[in-house]
Amino acid sequence: MKARVSLSILLVLLAAGVGARVMRSLTQQGGVQVEREEAQVERFMVARGWTIGERVAITANFDYAARLFRRQSCQQALLVSVIGAGGDAGGLFKRMTGVNWRFMHLGAAYESPPSVRFMLDYGLALALRQPGPPSILAVAVAAEGSAAAGCDLPGPQDWRSFHEAAPLDVQANNVQEGLRTSAE
């Protein structure tokens with residue numbers, strides 16, 4: 001009897017570990033959902049009057065990178081990175097000197113990625129066979145100081161509407177593949 005209980009506990013722990021690893025690999029930067037959401041970010045920012053700049057490496061091998069956006073009426077550049085679940089990425093982003101990162105998810109801003117909430121929402125969506133939550137976004141002004149007039153920086157609610165305003169073809173593709181671009 002004790003052997004069965006021990007084996008059951010071991011199998012549950014193994015399944016939880018493998019499940020967490022699979023969810024992390026599905027949602028980290030470079031995954032299908034992240035690539036779609038990076039394209040959405042570009043369309044969203046261009047529609048708001050920003051021009052797309054170069055990719056800035058967060059890690060040396062570009063596992064994590066941010067896109068630089070500029071606006072003619074703004075002295076500062078904006079960095080935006082789609083980071084999937086976030087995981088331990090918060091520490092990577094915080095190590096960049098001179099940049100104050102905020103993590104946007106479902107219309108709220110956080111000091112560090114809300115990875116646990118994301119993973120719980122993602123697991124629940126999988127169990128209910130529903131589309132998963134949108135990725136966590138890391139957003140920062142590229143230079144220290146307050147935002148200059150004319151920058152019109154997107155706030156947390158703007159980023160929420162960015163997910164909700166995804167083109168219908170992107171929403172349909174994401175639903176078919178178990179991915180989601182709309183919040184809740």
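Two strands are said to pair if DSSP finds at least two bridges between them. The legends below describe a predicted model.

**Figure 1. Overview of the predicted chain, with six helices and six strands.** Read from the N terminus, the elements follow the order α-α-β-β-β-α-β-β-α-β-α-α. The chain holds 184 residues, of which 41% are buried. Among contacts with a separation of 6 or more, 63% join residues that are 24 or more positions apart.

**Figure 2. Strands S1, S2 and S3, joined by antiparallel pairing.** Strand S1, which covers residues 51–57, pairs with strand S2, residues 65–70, through five bridges in the antiparallel sense. Strand S2 in turn pairs with strand S3, residues 78–82, again in the antiparallel sense, and here the bridges number three. Phe 69 of S2 can be followed in both directions, since it is the bridge partner of Ile 52, while in S3 its own bridge partner is Leu 78. A further bridge of this view links Arg 67 with Val 80 of S3.

**Figure 3. Strand S3 and its pairing with strand S6.** Strands S3 and S6 run antiparallel and are joined by five bridges, one of which sets Val 82 opposite its partner Leu 137 in S6. Strand S3 is mostly covered, five of its five residues being buried. In a regular strand the side chains alternate between the two faces of the sheet. In S3, Leu 78, Val 80 and Val 82 point one way, whereas Leu 79 and Ser 81 point the other way, and all of them are buried.

**Figure 4. Helix H4, with a buried side and an exposed side.** The helix spans residues 115–127, and because 13 residues at 1.5 Å a residue should span 18 Å, the 18 Å between its end C-alpha atoms agrees with that expectation. Its buried residues are Ser 115, Phe 118, Tyr 122 and Ala 125. Seen down the axis of H4, these buried residues fall within an arc of 95 degrees, so they line one face of the helix. An α-helix has 3.6 residues a turn, so residues three or four places apart point the same way. The face of H4 turned away from the buried side carries Val 116, Leu 120 and Ala 127, which are exposed.

**Figure 5. Two nonpolar cores, with Ile 58 in the largest one.** The largest nonpolar core comprises 18 residues, and the members that touch the most others are Ile 58, Ile 83, Phe 93, Trp 101 and Phe 103. Strand S2, helix H4 and strand S6, residues 137–141, each supply at least two residues of this core. Apart from it lies another core, of 16 residues, which includes Leu 78, Val 82, Leu 137 and Val 141. When neighbours within four places in sequence are left aside, Ile 58 is in contact with Tyr 64, Ala 65, Ala 66, Leu 92, Phe 93, Met 96 and Trp 101.

**Figure 6. His 105 and Ser 135, two buried residues.** His 105 sits in strand S4, residues 102–105, and its relative accessible area of 1% makes it a buried residue, because buried means under 20%. Leaving aside neighbours within four places in sequence, His 105 is in contact with Tyr 110, Pro 114, Phe 118, Pro 133, Pro 134, Ser 135 and Ile 136. A polar atom of the His 105 side chain lies 3.5 Å from the backbone oxygen of Pro 134. Although His 105 and Arg 160 are 55 residues apart along the chain, their C-alpha atoms are separated by 7.3 Å. Ser 135, found in the loop between H4 and S6, also counts as buried, with 1% relative accessibility. The side chain of Ser 135 makes a polar contact of 2.8 Å with the side chain of Glu 37.

**Figure 7. Leu 106 and Arg 129, two loop residues with positive phi.** Most residues other than glycine have a negative phi. Leu 106, in the loop between S4 and strand S5, residues 108–110, has instead a positive phi near 50 degrees. Arg 129, which follows H4 and is placed in the loop between H4 and S6, likewise has a positive phi, of about 55 degrees, although it is not a glycine. Are these two residues buried or exposed? Leu 106 counts as buried at 9% relative accessibility, whereas Arg 129, at 80%, counts as exposed.

Note on methods
Residues numbered from 1 in each chain as written. Predicted model: local features only at pLDDT ≥ 70, side-chain atom pairs only at ≥ 80, totals over all residues. Heavy atoms only, no water. Helix = DSSP H or I, 4+ residues; strand = E, 2+ residues; numbered from the N terminus. Expected span 1.5 Å × (residues − 1). Buried < 20%, exposed > 50% of the residue type's maximum accessible area, 1.4 Å probe, protein only. Arc of directions from axis to C-beta. Core = buried A, V, L, I, M, F, W, Y, C linked by side-chain atoms within 4.5 Å. Contact = heavy atoms within 4.5 Å. Polar contact = N/O pair within 3.5 Å; in protein donor to acceptor, adjacent residues only side chain to side chain.
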